[in-house]
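Hello,

Here is the structure I promised to pass on to you. Please have a look, and read my notes underneath when you have a moment.

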Amino acid sequence: MIVWAVVGIFLYVAPPADQPKHADVLFVLGPPDQRIGYAEQLMQQGYSPTIAVSSPIGKDGKFEAGICTAQRPYRIICFNPDPFTTQGEARELKNLSDQYGWKSANVLTAQFHVTRARVIVSRCYGGDLHMIAQHRSLPLVSLSRPTSSWAYQYLYQTAAFVKVAIHPDC
């Protein structure tokens with residue numbers, strides 16, 4: 001248990017993440033929550049001419065991420081991956097890269113997801129990849145919002161790593 005807690009610090013709390021670089025696309029993994037604010041900061045700093053955002057589609061048939069209908073000085077591409085998983089998003093990065101000729105990508109996700117997302121995205125995308133962490137302060141445990149806690153993320157991300165090991169394809 002102690003080993004798992006210590007290893008989790010390096011996998012989930014403070015994973016090896018990359019600094020943003022100038023890239024063809026800033027690719028934002030879902031859900032489009034707090035990371036959109038950080039993504040917009042990166043776009044304003046000129047890291048990419050295009051932002052691609054993974055977003056569910058609401059009952060009204062429109063993308064749920066507000067940025068999808070926003071007017072910005074950069075290209076905005078919203079997509080709903082099939083399936084709506086990291087693997088589906090990685091496949092969509094490959095497809096969009098083939099379509100638009102992207103050779104480099106900054107992929108933005110929450111810090112607890114960076115390590116696992118790097119493995120999955122690397123299986124599908126062969127371009128210059130930079131995994132960018134959007135850092136969150138989470139309580140160890142939360143009774144009011146249990147999924148927004150380190151205890152939950154440790155369990156969820158560890159179980160998801162098992163799935164990654166069982167399904168090694170793109």
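Viewed along their axes, α4 and α5 make a left-handed crossing. Please keep in mind that this is a predicted model. Helix α4 covers residues 114-124 and helix α5 covers residues 150-166; their axes come within 10 Å and cross at roughly 25°. Angles under 35 degrees count as roughly parallel, and α4 and α5 are therefore roughly parallel to each other. On the α4 side, the contact is made by T115, R116, V119, I120 and R123, which meet Y156, Q157, A160, F161 and V164 of α5. Six of the residues in this contact are nonpolar, two are polar and two are charged.

Next, the interior. The largest nonpolar core has 22 residues, and those touching the most other members are F27, A52, L93, W102, V107 and V121. Two or more residues each come from β1 (25-28), β3 (75-79), α3 (86-100), β4, α4 and β5 (128-134). Helix α4 gives the largest share, five residues. There is also a second, separate core of 15 residues, with V28, A65, I67 and C68 among them.

Two single residues may help you find your way around. Apart from neighbours within four places in sequence, A52 is in contact with V25, L26, F27, V28, I77, F79 and W102. The other is S104, which lies in strand β4 (residues 104-110). Is S104 buried or exposed? Its relative accessible area is 11%, so S104 is buried. Not counting residues up to four places away in sequence, S104 touches H22, A23, D24, V25, Y125 and D128.

Best wishes

Definitions and conventions
Residues numbered from 1 in each chain as written. Predicted model: local features only at pLDDT ≥ 70, side-chain atom pairs only at ≥ 80, totals over all residues. Heavy atoms only, no water. Axes fitted to C-alpha atoms, helices over the stretch in contact; angles between N-to-C directions. Helix = DSSP H or I, 4+ residues; strand = E, 2+ residues; numbered from the N terminus. Parallel < 35°, antiparallel > 145°, perpendicular 65-115°, else oblique. Left-handed = near helix turned anticlockwise from the far one by under 90°. Contact = heavy atoms within 4.5 Å. Nonpolar A, V, L, I, M, F, W, Y, C, P; charged D, E, K, R; others polar. Buried < 20%, exposed > 50% of the residue type's maximum accessible area, 1.4 Å probe, protein only. Core = buried A, V, L, I, M, F, W, Y, C linked by side-chain atoms within 4.5 Å.
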